[in-house]
Amino acid sequence: MDKQFILDKVKLLIPNTYANDSYDEILDYVIDKVIQDIANYTHISKDELPEELNHTAVGMSVTLIKTDELLVPVNEQANNGVASITEGNESISFKSTADEYLKIQSANAVTKDYKKTLNQFRVVDFGL
């Protein structure tokens with residue numbers, strides 16, 4: 001699997017339109033997570049993942065970034081980073097950065113949209 005190819009394609013599909021200072025770090029993290037998720041699902045080591053899965057990894061990375069709105073600034077998000085609002089005594093609590101990273105970490109990049117493709121490469125694991 002070619003991480004640089006994946007990174008270049010994701011940058012092409014999701015440009016840094018908001019001039020996010022963490023853009024490169026977020027992309028690097030997401031791509032590493034997607035590659036690890038693919039390796040875990042297919043039971044193939046990261047070093048041995050086939051080049052044929054590069055485009056699948058691009059799609060999975062883009063999906064993860066867009067569905068979790070990872071590159072959208074807080075002031076542009078639909079919920080503005082608000083975790084909860086209480087009207088009695090006017091209370092507003094905001095999501096922390098740690099909560100957002102926890103959300104990314106717990107996200108499963110292998111969704112039903114990609115399982116059919118990944119199943120073609122999946123190796124049976126006998127749990128040895």
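Student: Which residue follows α2, and what is the sign of its phi?
Tutor: Let's walk off the end of α2, a helix here being a DSSP run of H or I with at least four residues, numbered from the N terminus. The residue there has a positive phi, near 65°, and that residue is H43. Before we go on, note that this is a predicted model, where local features need pLDDT of at least 70, side-chain atom pairs count only at pLDDT 80 or more, and totals for chains, interfaces and linings use all residues. Residues are numbered from 1 along each chain as its sequence is written, and side-chain values use heavy atoms, with hydrogens and water left out. So much for the ground rules; the residue is H43, and its phi is positive.

Student: Is H43 buried, partly exposed or exposed?
Tutor: H43 sits in the loop between α2 and α3. Buried means under 20% relative accessible area, exposed over 50%, and partly exposed in between (1.4 Å probe, protein chains only). With 34% relative accessibility, H43 is therefore partly exposed.

Student: Where is A19, and what is its phi?
Tutor: Most residues other than glycine have a negative phi. A19 is in the loop between α1 (3-13) and α2, and its relative accessible area of 55% makes A19 exposed. Its phi is positive, near 50°.

Student: How far apart are the end C-alpha atoms of α2?
Tutor: The expected span of a helix is 1.5 Å times one less than its number of residues. α2 has 20 residues, so it should span 28 Å. The model agrees, with the end C-alpha atoms 28 Å apart.

Student: At what angle do α2 and α3 pack, and what is that arrangement called?
Tutor: Axes are lines fitted to C-alpha atoms, for helices over the stretch in contact, and angles run from 0 to 180 degrees between N-to-C directions. Under 35 degrees counts as roughly parallel, over 145 as roughly antiparallel, 65 to 115 as roughly perpendicular and the rest as oblique. Helix α2 (residues 23-42) and helix α3 (residues 54-67) have axes 9 Å apart and an angle of about 125°. That makes α2 oblique to α3.

Student: Which residues of α3 make the contact with α2?
Tutor: Contact means heavy atoms within 4.5 Å. From α2 come L27, V30, I31, K33, V34 and I38. On the α3 side, the residues are A57, M60, S61, L64 and I65.

Student: What separates the C-alpha atoms of H55 and V10?
Tutor: H55 lies in α3 and is exposed, at 56% relative accessible area. H55 and V10 are 45 residues apart along the chain, and their C-alpha atoms are separated by 9.9 Å.

Key. Helices (H or I, at least four residues) and strands (E, at least two) are DSSP runs, numbered from the N terminus.
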